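Trainee: I'd like a close look at a single part of this model, with enough of the surroundings to see how that part fits in. Could you walk me through it?

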Amino acid sequence: MANVIKTELFRFMKGKTIRILLILGLVFTIMQVVVPIKQILVNISGPSSIKINPILGYEAFFMIDFSTLLFIFTPFLVVTIFISKVALAPVENIIATRIKRKNIYISKYIIFVSSIIGLSLSFALFATSITTIINGWGKNFEFFQLCLIFLVSLRISIIYILYGTILILLSLFIHNTVLIVIIHFGISIVESMFISIIDAVIAAHNSKVLYYLSFIFPSKYMSDFAKVDIKTETLILGLSVSLLSIIILYITSLNIFLKKDIHSCFHNTMCKKEI
C-alpha cells in the first residue's frame, strides 16, 4: 500500500497541475499585497479620498479570498488525479499485476485529500509570510495566531474535500474531464439558489427544521468556515455534516469502483488505445 501511495504521489508531484496551481496562488497573493486590487478599483471608479489600509501579516490569510481559489482548483485536481490519461495509467497495472484495486483507489484519494490540504496550507504560508515581509505582522506576535491560521486553513480544506469527493463519485460514471469541471460549477450555482430560497423561508417562518436541514448544503457554512470568529453551533453542525458526507461518499465511490468492470472503464477513457 505504501509503495502505491509513493508511486501516486511521485506521479502527481511530477505533473504540471500542482505546480501551476501553486504559482497561481503565489501570484494571487502578490497581487493582493503588493498591488492591492481593491485600491485600484477605488481609483478607477473616479477621484476618491478613500484609502485602503494595507493588509497585515496576522490577518492576511483571512483578508485574502483563498477560498475562491480552492473552489476553482478543486475540479482540476480531481480530473488530474482520477480521470486524466496520466491518472488512469496506474489503474492499467491492475490488469497485468496483483495490485489490489482497493489500494489504487485509496492511494488516489489520499493524494487528493493531501493536495487540497497542502494547497490551503501553502496559501496560508504565502499570504502570511509575504504580507509580513512587506507590511509587517501588525501586532504583538503570539503562537496562538499561527495556530488559528492553521485551523481555519483546515476548516476550508474540509469544504473542498467534500466538493471533490462528490466529483470523484461522478467521475466513475462521467469520463469527460471538461464535463466534470462544468458540473462542479453547475452544482455550486444550483446549491446557492437552493440556499437563497431556504434562507428566505427560514426568515419568513423561523423554521428550525429547515435551518438544520440547510446544513446539507456546504454553501450554508462555507463563508463562516473562512472566518476567525464562528458560532459554535455553526462549527459543530458544519463539521459533522461535512465529515459524515465525505465518509458516505467515499465509501460509496470505493464500492462502486470495486464493482465496476475495469476493461469497460478503460474503453470509455483516453487510455483506450493503450490497452
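Where in helix 5 does a kink lie, and which proline comes shortly after?

Mentor: Keep in mind as we go that this is a predicted model. The kink in helix 5 is at Phe73, with an angle of about 35°, and Pro75 is the proline that follows shortly after. Even with that bend, the ends of the helix sit about where you'd expect: its 18 residues reach 25 Å from first C-alpha to last, close to the expected 26 Å at 1.5 Å a residue. Helix 5 is also mostly covered, with 14 of its 18 residues buried.

Now stay on Phe73 and look at the rings around it. Phe73 belongs to an aromatic cluster together with Phe28, Phe61, Phe62, Phe66 and Phe123. Pick out Phe123 from that group and follow its contacts. Leaving out residues up to four places away in sequence, Phe123 touches Phe66, Leu69, Leu70 and Phe73, and also Leu21, Gly25 and Phe61. So that you can place those partners: helix 5 covers 66–83, helix 4 covers 60–63 and helix 2 covers 17–33, while Phe123 itself falls within helix 8, 101–135.

Zoom out one step and you reach the nonpolar core. The largest one has 60 residues, and Phe123 is among those with the most contacts inside it, along with Tyr109, Phe112 and Tyr160. Helices 2, 4, 5, 8, 9, 10, 12 and 13 each put in at least two residues. Helix 8 gives the largest share, 13 residues.

That fits into an all-round helical picture: the chain has 14 helices and 0 strands. Of its 275 residues, 41% count as buried. If you take contacts with a separation of 6 or more, 77% of them join residues 24 or more positions apart.

Helix 8 is worth another moment, this time at Asn103, which also sits in that helix. Asn103 counts as buried because its relative accessible area is 19%, and the cut-off for buried is under 20%. Beyond its neighbours within four places, Asn103 is in contact with Met1 and Val4. Asn3 belongs to helix 1, residues 2–14. The C-alphas of Asn3 and Asn103 are 9.9 Å apart, although 100 residues separate them in sequence. Their surroundings differ in one respect: Asn3 is exposed at 57% relative accessible area, whereas Asn103 is buried.

Next, helix 13, another contributor to the core. It has 28 residues and reaches 41 Å from its first C-alpha to its last, close to the 40 Å expected at 1.5 Å a residue. Its buried residues include Thr234, Gly238, Ser242, Ile246 and Leu249, and further along Tyr250, Ser253, Leu254 and Phe257. Phe257 has a charged visitor: the charged end of Arg101 sits over its ring, 5.5 Å from the centre. Phe257 also has a C-alpha 9.9 Å from that of Phe173, and those two are 84 residues apart in sequence. Phe173 is in the loop between helix 9 and helix 10, and it counts as exposed at 53% relative accessibility.

One last stop, past the end of helix 10. Asn206 lies in the loop between helix 10 and helix 11, which spans 208–213. Most residues other than glycine have a negative phi. Asn206 is not a glycine, yet its phi is positive, about 55°. It is an exposed residue, with a relative accessible area of 64%.

Just beyond that loop there's a little aromatic arrangement to look at. Lys208 lies over the face of Tyr211, 5.5 Å from the ring centre. A search of the whole structure finds 19 aromatic pairs. One of them joins Tyr211 and Tyr212 edge-to-face, at 5.4 Å centre to centre and 65° between the planes. Tyr211 is buried at 16% relative accessible area, while Tyr212 is partly exposed at 40%.

To come back to your starting point: the kink is at Phe73, and Phe73 is one of the rings in the cluster with Phe123. Phe123, in turn, is among the residues with the most contacts in the largest nonpolar core.

How values were computed: Residues are numbered from 1 along each chain as its sequence is written. This is a predicted model: local features need pLDDT of at least 70, side-chain atom pairs count only at pLDDT 80 or more; totals for chains, interfaces and linings use all residues. Side-chain values use heavy atoms; hydrogens and water are left out. A nonpolar core is a set of buried Ala, Val, Leu, Ile, Met, Phe, Trp, Tyr and Cys residues joined through side-chain atoms within 4.5 Å. Buried means under 20% relative accessible area, exposed over 50%, partly exposed in between (1.4 Å probe, protein chains only). Helices (H or I, at least four residues) and strands (E, at least two) are DSSP runs, numbered from the N terminus. Contact means heavy atoms within 4.5 Å. The expected span of a helix is 1.5 Å times one less than its number of residues. The bend at a residue is the angle between axes fitted to the seven residues ending there and the seven starting there. Rings of Phe, Tyr and Trp (its six-membered ring) pair if their centres lie within 6.5 Å; planes under 30 degrees apart count as stacked, over 60 as edge-to-face and the rest as tilted. A charge sits over a ring if NZ of Lys or CZ of Arg is within 6 Å of the ring centre and within 35 degrees of the ring normal.
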